[in-house]
Amino acid sequence: MGNTSEASHEKKDDPQQHGDGLSNDEVSYQQKHKPSSEFNSREEYLEHELQIMAPKRWRPNLPFRDYRFEFEDTIPAMAATIGKVVMVGAIAATFAASLGLDKGFILENVRYELLIVSFFIILFSGFILPSANLAGTHGPLIPLIPIVVAAGGHPMALGLLIGALGLILAISKGGSMLANLTSKGVCGGLLLYLGFVGTISQVDKLFTWANDIGMAHIAFVVIFCTIILYALLEHWGKRWLAVPLSCLLGGTLAFAMGAPFEFQTGPGLPNMNPMYWWGENTGWMLGLPTLESFVVVLPFAILAVAMWSPDFLGHQVFQKINYPERTEKVQMNIDDTMTSASIRQTFGSLLGGANFTSSWGTYIVPAAIAKRPIPAGALLTALFCIIAALWGYPMDLAIWQPVLCVALVVGVFIPLLEAGMEMTREGKTTQSAAIVVFSSALVNPAFGWALTMLLDNLGLVGCKERSSKLSKMSRWVIPSIMFVVLTGVMASVGMLPGIPALIPNLG
């Protein structure tokens, strides 16, 4: 993917381009900034802000000096907070079911994780690595948690190995290298698959919820009205407002039509002592991991980090599609994101959190639509997470299905579909895109990405001219190694449909 490659190289040059000192960057941004009243439209002002920012890696980036807060920053922050409560809750609930823990563990660990993630958001995305997307939650790992527990795996061991392997990949710049080897067709197909499957999943969940309360018509009305609202926002050029307005519409309609809802989670503070969480009779009730615990979870850790690349790549590409030209400096850096995610994962696991991290999709997608850089919305996300954790009541609203489902559909999955279609409009990208969708449906998106990247770079599908320009290492050596390693790990843990786990204890 030529654009991705060029952008990645430009990002690598950033420290040199802006390495004259803090004062140069500071004066440059502040001198170039203009009030929004001097622009013909709000969009022009936001695009200008993206083009004049000069974020500094591993150096302080301060609000109002290096970037500004805008109203639009609240939109991705709200969507991200909703997504975080839901995803961490899903991981904690899956562990609780497998380990026999009560609901109190789930609530307290979600609150704990919201506070943990807020600290690392402020430190990295808001301060010293503004090109790193927020460290979110690794959704594809959730179905594997019961297998990890059944095999005798320990959540701290798994988290520490994910952090260590992720840091190795980040330091070696393996993430950006794999991004450069992925064509537009492969990226577009990945976005199409994720967008379509995610949309269908959320619609099904909303109807399941409505059927469970005996009011199936509510789901239809909420989705239908959300479609009309989204179309109107597209027409008016206000798509960045889709998340708050859709949540307001969905929640109001459902409640007005008689759907039950009440606030149950009151204010409170979780136990902040790591020894409580890793005690033998408190928290996880597992004690500390042994050497055997690390051996058992190693295949799952390798798989988790291997699945980072397509996830991170999809988010970066979506951002590039929505940003104007000359904004390479503020675009998400895959290696920086892997670095912050790995460090956050390591400390989160040591402290006792249930989260397994990845790139935060429910933040970066709405932020890209709103044409906002990462750091300002990141600080607001941290603030919202802290409020939700301490106050409690917002957590109940965030996981109410009429609010949750429409937020994920209009804030993440429909935009991914649109971006995928945009990337597969020209040339022979449709061939690669179709293979990605096909092979992802067979196993999962990570398998689909690895297989199609190999076929595409070999020139069997997609653009033959692009394939012929690749070196031997880029054309088949690296893609082959990636595919073999990823498929081998999936086979060992029983993730290949119809094929028993090669390591029986991990099945």
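**Note on helices, cores and cavities in a predicted model**

1. Of the 17 residues of α8, 12 are buried, so this helix is largely enclosed by the rest of the structure. The structure in question is a predicted model, and the remarks below should be read with that in mind. The buried residues of α8 are P155, M156, A157, L158, G159, L160, L161, I162, G163, G166, L169 and A170. They pack against α5 (74-99), α7 (145-150), α9 (174-180), α14 (291-306), α15 (308-322) and α16.

2. As to its geometry, helix α8 covers residues 155-171 and reaches 24 Å from its first C-alpha to its last, which is close to the 24 Å expected at 1.5 Å a residue. Just after this helix, K173 takes a positive phi of about 55 degrees.

3. Helix α10, made up of residues 184-212, can be read in a similar manner: it has 29 residues, and the 42 Å from its first C-alpha to its last is close to the 42 Å expected at 1.5 Å a residue. Here it is G214, just after α10, that takes a positive phi, of about 75 degrees.

4. The largest nonpolar core has 139 residues, and the members that touch the most other members are I162, L303, W449 and M490. The element that gives the most to this core is α20, with 13 residues. I162 is also among the buried residues of α8. For L303, leaving aside residues up to four places away in sequence, the residues touched are L144, L486, V489, M490, V493 and M495. There is also a second core, separate from this one, whose 9 residues include Y29, I52, M53 and Y323.

5. H48 lies in helix α4, which runs over residues 42-52. Its relative accessibility is 15%, and because buried means under 20%, H48 counts as buried. Not counting residues up to four places away in sequence, H48 touches K32, H33, K34 and F39.

6. Turning to internal space, the model contains 3 cavities of 30 Å³ or more, and the largest cavity holds about 60 Å³ of space. Its lining consists of V117, F120, I121, F124, S125, N133, L134, A135, S340 and R344. By class, these lining residues divide into 6 nonpolar, 3 polar and 1 charged. At least two residues of the lining come from each of α6 (103-128) and α16 (334-351), and α6 gives the most, with 5 residues. A reader following α16 through the model will meet this helix in another setting too, since the buried residues of α8 pack against elements that include α16.

7. The second largest cavity has about 40 Å³ of space, and the residues that line it are I75, R239, W240, A242, V243, P366, I369, V410 and G411. Two or more of these lining residues are given by each of α12 (242-256), α17 (361-369) and α20 (401-423). The lining divides into 7 nonpolar residues, 1 polar and 1 charged. Helix α20 therefore deserves a second look when the cavity and the core are read together, as α20 also gives the most to the largest nonpolar core, with 13 residues.

Notes:
Residues numbered from 1 in each chain as written. Predicted model: local features only at pLDDT ≥ 70, side-chain atom pairs only at ≥ 80, totals over all residues. Heavy atoms only, no water. 1 Å grid on protein atoms, 1.4 Å probe; cavity = no way out; pocket = protein on both sides within 12 Å on 5 of 7 lines; lining within 4 Å. Points joined across faces, edges and corners; volume = space filled by probe spheres on them. Helix = DSSP H or I, 4+ residues; strand = E, 2+ residues; numbered from the N terminus. Nonpolar A, V, L, I, M, F, W, Y, C, P; charged D, E, K, R; others polar. Core = buried A, V, L, I, M, F, W, Y, C linked by side-chain atoms within 4.5 Å. Buried < 20%, exposed > 50% of the residue type's maximum accessible area, 1.4 Å probe, protein only. Contact = heavy atoms within 4.5 Å. Expected span 1.5 Å × (residues − 1).
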